[in-house]
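Please open the structure in your viewer and keep the sequence panel visible beside it. The tour proceeds by selection: choose the residues named at each stop, then read what is found there.

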Amino acid sequence: MNPRDSDDDRPAAAAADSAAPQQQHPHQPLEWRFAQVFGERAAGEDVQEVDIISAIEFDKSGDHLATGDRGGRVVLFERTDARDQHANRSELERQDVPITRHPEFRYKTEFQSHEPEFDYLKSLEIEEKINKIKWCQLANNALFLLSTNDKTIKYWKVQEKKIKQVSVMTLDTSTVGNGATSRASTSTSVPPPNGGCSEKSDGLNGDLLFPPGGYPSLRLPVVTTSQDVNLAARCRRVYAHAHDYHINSISNNSDGETFISADDLRINLWNLEINSQSFNIVDVKPTNMEDLTEVITCAEFHPTHCNTLAYSSSKGSIRLIDLRQSALCDNHSKIFEEHEAPGARSFFTEIIASISDVKFSRDGRYLLSRDYMTLKLWDLNMDSGPVSTFQVHEHLRPRLCDLYENDSIFDKFECCLSGDGRHVATGSYGNLFRVFGSTPGSTEVTTLEASRNPMRRQMANPNRPTRGTMTSMAHGVRRGGENLGVDANGNSLDFSTKLLHLAWHPTENSIACAAANSLYMYYA
């Protein structure tokens with residue numbers, strides 16, 4: 001992705017200026033519009049593997065956005081739309097002026113976070129691909145973030161620095177004490193032998209003749225600071241050699257001091273200031289590896305409770321653990337899982353049940369999980385089953401065998417929640433992503449394509465989502481079961497194009513999503 005190749009929909013932006021989006025009613029469907037695109041490729045242009053985006057993350061304020069790619073680079077964007085930083089809060093509240101523009105971002109900087117490595121002890125090549133990015137707390141007008149590849153986590157500081165220049169030391173040779181000018185000696189004297197010394201008594205280099213009156217001015221080096229500002233990214237710490245398996249997730253703690261990193265079998269707890277040691281808090285590795293039945297797929301800290309975290313497994317369960325119970329959290333405080341109906345198991349049941357992503361709602365009350373076929377919303381106070389289940393691409397169930405043959409069944413789709421918790425979103429194939437209303441009684445389902453015209457792949461007559469049957473323990477709602485196998489023109493979806501990564505702005509209805517090397521942004 002070339003982040004400087006940015007474009008946004010000027011007609012749409014102008015329309016946004018003239019007609020401000022009103023605050024949506026809880027049951028009123030959001031109307032999504034194209035906002036911006038970075039790194040849009042031309043028709044027929046090949047995508048380089050290293051340019052494909054592999055991670056997206058907003059910071060807590062929503063003023064900065066970070067992306068990582070398979071080439072090990074991290075690209076930062078900053079918000080630029082009209083938000084008067086100097087306006088008085090009470091004055092703005094008194095004016096009660098609605099937002100007249102959608103969130104607009106611009107390219108800020110980029111840096112090389114990871115390089116390809118080779119583990120000679122294990123004869124293992126470690127690729128530079130960025131798996132996850134997490135923002136840390138801001139301090140002294142500097143940005144801090146964590147980035148990780150399969151083995152190594154790095155802690156970065158990005159700060160604006162004024163450029164300092166050193167003026168060259170010069171001798172003012174125009175005039176000297178007696179009006180003479182200095183000159184360099186052209187003497188062809190033979191230098192003294194090794195270990196010898198010059199016969200001159202002044203101890204100075206004989207090649208430079210000082211005038212009798214000396215030099216009236218000697219300019220020493222002076223450091224000058226220009227008004228130009230340069231963004232510098234510096235790696236503060238490297239957290240390495242703590243994982244035998246590939247790191248699949250990292251998550252910051254609300255205490256601002258610690259974070260976790262998870263691989264297939266272990267979760268480690270780190271202090272941001274200490275990179276020489278970590279504490280293993282979850283270990284699911286059996287004594288005999290032949291007894292291994294499930295692996296860790298994702299881990300996430302609770303947004304407000306520093307002692308609580310959740311991790312998901314390849315069997316479709318989510319475990320909530322309390323760090324206050326013991327140093328090694330072998331036992332969970334709660335487990336969230338949905339059991340299959342008797343007789344419904346097949347060869348693919350366990351594969352598609354594997355959870356690829358878990359996100360807490362902003363208030364920490366709910367958990368959103370994504371498996372291959374569905375999104376599930378869980379209430380932390382009710383572990384009997386999900387409160388809602390959203391069908392993402394149910395039409396693929398008859399084609400699971402084909403998806404297994406081409407390994408698509410192992411794709412790991414991410415999910416996200418809106419800041420107010422009223423909507424959830426996740427990606428699918430054909431560069432599509434789906435937005436669901438998550439409030440009780442909502443039947444909202446919107447399918448959008450990552451392109452300048454997000455609505456062009458809408459179904460001609462989409463089926464109205466209906467309340468479906470679930471296990472008697474869950475009492476949830478299934479929504480969005482319409483067939484997405486073909487678009488409105490009857491074209492089949494391309495399973496080689498998939499939208500795996502997306503993020504929801506923390507305070508506004510704005511979504512950033514990655515389609516190969518392009519970053520698309522939409523607002524409602």
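**Stop 1: strand 25 and its neighbours**

Select residues 374-379, which form strand 25 of this predicted model. The strand is mostly covered, since six of its six residues are buried. Which residues lie on each side of strand 25? On one side are T374, K376 and W378, and on the other L375, L377 and D379; both faces are covered, and all of these residues are buried.

Now add residues 366-370, which are strand 24. Strand 24 and strand 25 pair in the antiparallel sense over five bridges. One place to see this is Y366, which stands opposite D379 of strand 25. Follow the chain from one strand to the other: the two form a hairpin, with three residues between them.

Next, add residues 388-391, which make up strand 26. Strand 26 also runs antiparallel to strand 25, and four bridges join the two. To find one bridge, select K376 and look for its partner in strand 26, T389.

**Stop 2: an open sheet**

Clear the selection and display strands 9, 10, 11 and 14. These four strands form an open sheet in the order 9-10-11-14, with antiparallel pairing. Which strands are at the edges of the sheet? The edge strands are strand 9 (132-135) and strand 14 (223-239), each of which pairs on one side only. Look along the sheet to see how its strands are turned: neighbours are rotated by 30° against each other on average, with direction ignored.

Then keep only strand 11, residues 153-166, together with strand 14. These two strands run antiparallel and are joined by 13 bridges. Select Y155 to locate one bridge; its partner in strand 14 is R237.

**Stop 3: E300 and its contacts**

Select E300, which lies in strand 19 (residues 296-301). Is E300 buried or exposed? E300 has a relative accessible area of 13%, and because buried means under 20%, E300 counts as buried.

Show the side chains around this residue. Leaving aside residues up to four places away in sequence, E300 touches K134, S251, I260, L309, A310, V358, K359 and F360.

**Stop 4: aromatic pairs**

Display the aromatic rings throughout the model. A search of the whole structure finds 23 aromatic pairs. One of them is formed by W32 and W504, with an edge-to-face arrangement: the rings are 5.5 Å apart centre to centre, and there are 80° between the planes. W32 lies in the loop between helix 1 (10-18) and strand 2 (33-38), whereas W504 belongs to strand 32 (residues 502-504), so the pair ties together parts that are 472 residues apart in sequence. Both partners are buried: W32 has a relative accessible area of 5%, and W504 has a relative accessibility of 6%.

Move next to F347 and Y404, an edge-to-face pair at 5.4 Å centre to centre, with 85° between the planes. This pair links distant parts of the chain, 57 residues apart: F347 is in the loop between strand 22 (334-336) and helix 3 (349-353), and Y404 is in helix 4 (residues 400-405). Here F347 is exposed, at 57% relative accessibility, and Y404 is partly exposed, at 30%.

Finally, select F34, F433, Y520 and Y522 at once; they form one aromatic cluster.

**Stop 5: cysteines**

How many disulfides are there? The count comes to zero. Select C415 as an example: the nearest cysteine sulfur, that of C416, is 7.1 Å away, and C415 is in no disulfide. A disulfide requires two cysteine sulfur atoms within 2.5 Å. C415 is buried, at 0% relative accessibility, whereas C401 is partly exposed, with a relative accessible area of 44%.

**Stop 6: the whole chain**

Zoom out and show the chain entire. Its secondary structure comes to four helices and 34 strands. Of the 524 residues in the chain, 47% are buried. Switch to a surface view: the chain exposes about 27200 Å², of which carbon and sulfur atoms supply 48%. Among contacts with a separation of 6 or more, 60% are between residues 24 or more positions apart.

Note on methods. Residues are numbered from 1 along each chain as its sequence is written. This is a predicted model: local features need pLDDT of at least 70, side-chain atom pairs count only at pLDDT 80 or more; totals for chains, interfaces and linings use all residues. Side-chain values use heavy atoms; hydrogens and water are left out. Buried means under 20% relative accessible area, exposed over 50%, partly exposed in between (1.4 Å probe, protein chains only). Contact means heavy atoms within 4.5 Å. Accessible areas come from the Shrake-Rupley method with a 1.4 Å probe; for residues, only the protein chains shown count as cover. Two strands pair if DSSP finds at least two bridges between them. Rings of Phe, Tyr and Trp (its six-membered ring) pair if their centres lie within 6.5 Å; planes under 30 degrees apart count as stacked, over 60 as edge-to-face and the rest as tilted. Axes are lines fitted to C-alpha atoms, for helices over the stretch in contact, and angles run from 0 to 180 degrees between N-to-C directions.
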